[in-house]
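User: I would like to go through a model with you. Could we take a few local details in turn?
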Amino acid sequence: MSLIKGRTSDWEIVIGMEIHAQVTSAAKLFSGAATEFGAEPNTQVSLVDVAFPGMLPVINKRCIEQAVRTGLGLNAQINLHSVFDRKNYFYPDLPAGYQISQYKDPIVGEGMVTVDLDTGETRKIGIERLHLEQDAGKLIHDMDPKHTIVDLNRAGVALMEIVSKPDMRSADEAAIFLTKLRSILRYLGTCDGNMEQGSMRADVNVSVRKPGGELGTRCEIKNVNSIRFVKQAIEHEARRQIEIIEDGGDVDQETRLFDPVRGETRAMRSKEEAHDYRYFPDPDLLPLELEKDWVEKIKASLPELPDSKKARFISDYGLAESDAAIIVADREDADFFEAVAVGRKDPKLAANWVINELYGRLNKAGMARSETPVTAEKLSDLLALIESGDISGRIAKAVFDEMFDTGEAADSIVEEKGLKQINDIGAIETIVDQLIVDNPQQAAQVKEQPKVMGWFVGQVMKATQGQANPGVVNEVLKNKLVG
């Protein structure tokens, strides 16, 4: 159990999340307006989005399919009957004065996400529900010193609100859960998960209590747009609440914002309850009735998801659990690794090169995975040269550096620079025989002092400029000096 030490006792954090994930769809939830990110302000807005009188919403089937697909990926109950409601509140970026959302009858019910903690433990984080709703527009406060600018391009974009159960007990657990959820959404193709663009945001509910005690008063931190900020917000908010309680005060239930510059949360407004929104079924939309066969067809089309892929990489390729977890976190990374590993004698070697050499070099260069100049095919060809004994592991690293800088194929670099490993036993025996003649004292010491063998290996490698096959060198030396 992860606890925080206060002045008077230890405290337990209780965390739940509401993740708002924009649905990957070419059109909005109830209109045909485009959803592409980065367009000029107010250029992707229909008459429905600005709530002109007489304009009626029409459900986008693709958005429904994406919500069902996500629910299935979260091992959740798909509700064949669901209802769209009006959630009433007034804000400048919500032209209708209400948001079309779902309340009592969401499209997706309870589900579960399995997360791997840094301790090596596995935890199951419950999903309470997933419902569909319209996104609001965007208010821009820094373009004019006296006015707030409204951009309605985002208004009406389909959002999946994924509500977790309060099953997380530390900022690290919350970060791991959010990372895993984003990975699942990206595998499914239902949300791009680009938090920096606002297509995925998290509302974080935080409370503290004595270990195992009754739940404390929770505060909701709104619209946190990075996993790092989620961790910082939780840690600050938990400390803030503990200090209030230990000073004899009461935590007020409220909505707060996280200030990433100051690294602290601040009050935004008192927390609304459901009755404040005056939910009622939207009179312009009939209840949504799904056919079971249609849901089953979507289920059959799901890709292999991270947990299944991880288990397969461990069983089929013999990867360590930690390596498999790193590789499957991103679908493109997993596909890249598999393209390298297929046909190789040692898939674990492939994993090592992908994780340590390639990812390490990309991170050092500040490059995205998609920018790699070393394709999966080229990396696989490099590993084939190691497996065949044509080059050593040390030479392979030098070849890889050249490949990364130039994009050239491994075999071309090896040929051009004369790096091919010497496997000729006769040639190596000739070098060894000469070394024994020139160094009789060391040769006599080998049987009693095995470490001297390493000196001979070094001399052979020096004589061949590192190109002799170490395995062949050791075998020849053993035969010549030990017998």
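User: Which side chain does the side chain of Arg 129 join in a polar contact?
Analyst: This is a predicted model. In it, the side chain of Arg 129 is joined to that of His 131 by a polar contact of 3.2 Å.

User: What other side chain makes a polar contact with the side chain of His 131?
Analyst: The side chain of Glu 133 does, at 3.2 Å.

User: Where does His 131 lie, and is His 131 buried or exposed?
Analyst: His 131 is part of strand E7, which covers residues 122-134. His 131 is buried, because its relative accessibility is 6%, below the 20% cut-off.

User: Which residues farther along the sequence does His 131 touch?
Analyst: Leaving aside residues up to four places away in sequence, His 131 touches Ser 101, Gln 102, Pro 106, Ile 107, Leu 159, Met 160 and Glu 161.

User: Now the cysteines. How many disulfides are there?
Analyst: A search of the whole structure gives zero. For Cys 63, the nearest cysteine sulfur belongs to Cys 191, 12 Å away.

User: Why is there no bond from Cys 191?
Analyst: The closest cysteine sulfur, in Cys 63, is 12 Å from that of Cys 191, which is too far for a bond. Cys 63 is buried at 0% relative accessible area, and Cys 191 is buried at 2%.

User: Turning to helices, at what angle do H2 and H5 cross?
Analyst: The axes of H2 (residues 171-188) and H5 (residues 306-317) cross at roughly 90° and come within 10 Å. The two helices are therefore roughly perpendicular.

User: Which residues meet there?
Analyst: Lys 180, Ser 183, Ile 184 and Tyr 187 of H2 meet Pro 306, Asp 307 and Lys 309 of H5. The residues of this contact comprise three nonpolar, one polar and three charged.

Terms used
Residues numbered from 1 in each chain as written. Predicted model: local features only at pLDDT ≥ 70, side-chain atom pairs only at ≥ 80, totals over all residues. Heavy atoms only, no water. Axes fitted to C-alpha atoms, helices over the stretch in contact; angles between N-to-C directions. Helix = DSSP H or I, 4+ residues; strand = E, 2+ residues; numbered from the N terminus. Parallel < 35°, antiparallel > 145°, perpendicular 65-115°, else oblique. Contact = heavy atoms within 4.5 Å. Nonpolar A, V, L, I, M, F, W, Y, C, P; charged D, E, K, R; others polar. Buried < 20%, exposed > 50% of the residue type's maximum accessible area, 1.4 Å probe, protein only. Polar contact = N/O pair within 3.5 Å; in protein donor to acceptor, adjacent residues only side chain to side chain. Disulfide = S-S within 2.5 Å.
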